[in-house]
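The following exercises invite the reader to examine a protein chain step by step. Each task is followed by a worked solution.

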Amino acid sequence: MALGDSRYDANYGYIWYSNNGPWATRFTAWYVPGLLYRNKGQDVANAEKAIRSIIATQMNYDFDSPWYGDYKLAPDEPNPTTEGVLYPQQIYNTYDPNWREFIGSTLAQAVAEFEHLLDPAVVKEIETSLAYAAVGAMRRNGTAPDNLILGYTNPQLMSIFTIGWIGERLKNKTFVDFANKMGTEVFELFTANGSNTFTEYNCPTYYGIDTFALAASIKYGPKNSTLTQHAPYMLTELWKDIADHYNPYLGNMVGPYDRAYARDLPTHSAIVGQFWWGMFGYEHAPLPWKGNDDLRYDLAQGPSLALLMETTRRQISDETAHKLLTPFEGERFLNKTIRTDLHTDVLRVAQSWLSKELIIGGQTVAEAVNRGKQFVPVIVHWASDKSHKPYPYGGWFSLYPSASTITSEVGAGSLSISYPNTTQAGTDHFTYMIGGIPPKWNLDGNVVDGFSKLPCLSVNVSAPGLEVQPTIYWGNNIYNHYYYNVTYVVPKNFAGIPKMSFELEYTC
């Protein structure tokens, strides 16, 4: 709350944070539950002002637009336009359709927890706003320019919760029926292949949002809602899987990641880490130092998440909690299948191997469209400096997803990667990012040169027929991670399937 207090503009009722403008609508929404919980001095008055300021940004003026019922990212940005150059519609840039879900679910939380503190007129305004948001959200089905398919897990769960909650409150059967249908389908997709996996799989940031939505459904959702009924099982199974992927010694979740900003949790924040903090204490959390810029960004949601820590903890067994907190000895191997939708048999496979000091993850995927830079199909973590506390300083290298069809095989200390469909763009090279090199190793005169010399890790690379390029550090940054670029080029006259193999041994 101290962070929110320092950013709050009481004149306008918004949180100061640059997000298409100097104020952030979503950050303002997340601040509201904390104000109401604290309930001191002007807190309730500030919360009500913030709520009205948020609702004032809702775009209800164009029923046929993809942003109908959505909230602006910033109150002073122009409205998106279908014509002209002022602010042309561009999803996730000039508008973000998921703001309906982020903001709507938090307004529902504020009423569910603190209606007794709020002016009835403000509550009525929230209800009206959420009805608009529900109408806009119900029309999202993945049709361009939107991309909310059933398997886009984190906004889908927030959407189902919010629509069901406002539907029950307003006795709107259309809302209720829609939420129940979607709640059933998302559960069927989660359980369809026996793996209990969300389609948006192994995402350290968005697993935090999934946890919020499932816990909110348990705590606030209508009791007869299908999502409310299925949420306890899904939340329990989600955290079992998180625990299986987590290495408490390194403070990292093994890959691969369908979506990730943080490649290294102890130095770059991911929202899921706040649940360790809330349930077990900051000293056990895979989070960076409290002044870290990435953490201060994610902590904007802290007041909202804090209200759901007890609910989440009750769904986590003692066995799972032990895995989340206790470094293990020996090895662990995971093989998970991920289903894309309910209407095809398209599956992806995620394999992971974990030891105490070294973890490896890789995904096999065959798709037509590249997933972009948030996709981490292959990643290796190791303790590059064991003397660093509270976690070892973490080295990592990952494959940049230039290709959309990748075959990965993970074993004990081994990894292989190939491009079986060479007709696709991006299969003419393998580009790796290497990060987490300790200061002392550099200052002692060592220099990263491909995989030939890394701190505490021996790497034997096999790349038949490929041509390794000079290592480049200058200008390389992804989501605040600086990295070395190591690229192997597939020559134009190459015949066969490009493949690379790695034998990895921890040496410290």
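**Exercise 1: A residue with positive phi**

Asn39 is found in the loop between α2 (25–38) and α3 (43–56), where helices (H or I, at least four residues) and strands (E, at least two) are DSSP runs numbered from the N terminus. The model is predicted, so local features need pLDDT of at least 70 and side-chain atom pairs count only at pLDDT 80 or more, while totals for chains, interfaces and linings use all residues. Residues are numbered from 1 along each chain as its sequence is written, and side-chain values use heavy atoms, with hydrogens and water left out.

Task: State the sign of phi of Asn39 and decide whether Asn39 is buried, partly exposed or exposed.

Solution. Step one: phi of Asn39 is near 50°, a positive value in a residue other than glycine. Step two: most residues other than glycine have a negative phi. Step three: the relative accessible area of Asn39 is 39%, which makes this residue partly exposed (buried means under 20% relative accessible area, exposed over 50%, partly exposed in between; 1.4 Å probe, protein chains only).

**Exercise 2: A second case**

Task: Locate Cys456 and determine whether Cys456 is buried or exposed.

Solution. Step one: Cys456 lies in the loop between α15 (439–443) and β16 (457–462). Step two: its phi is near 70°, again positive in a residue other than glycine. Step three: with 11% relative accessibility, Cys456 counts as buried.

**Exercise 3: A helix and its surroundings**

Task: Compare the expected span of helix α6 with the distance between its end C-alpha atoms.

Solution. Step one: α6 covers residues 153–170, which is 18 residues. Step two: the expected span is 1.5 Å times one less than the number of residues, giving 26 Å. Step three: the end C-alpha atoms of α6 are 26 Å apart, in agreement. Step four: 15 of the 18 residues of α6 are buried, so the helix is largely enclosed by the rest of the structure. Step five: Lys171 follows α6 and has a positive phi, near 55°.

**Exercise 4: Cis peptide bonds**

Task: Give the omega of the bond from Ala144 to Pro145 and of the bond from Gly255 to Pro256.

Solution. Step one: the bond from Ala144 to Pro145 is cis, with omega near 10°, and Pro145 sits in the loop between α5 (120–138) and α6. Step two: the bond from Gly255 to Pro256 is cis, with omega near 5°; Pro256 belongs to the loop between β7 (252–253) and α10 (273–280). Step three: most peptide bonds are trans.
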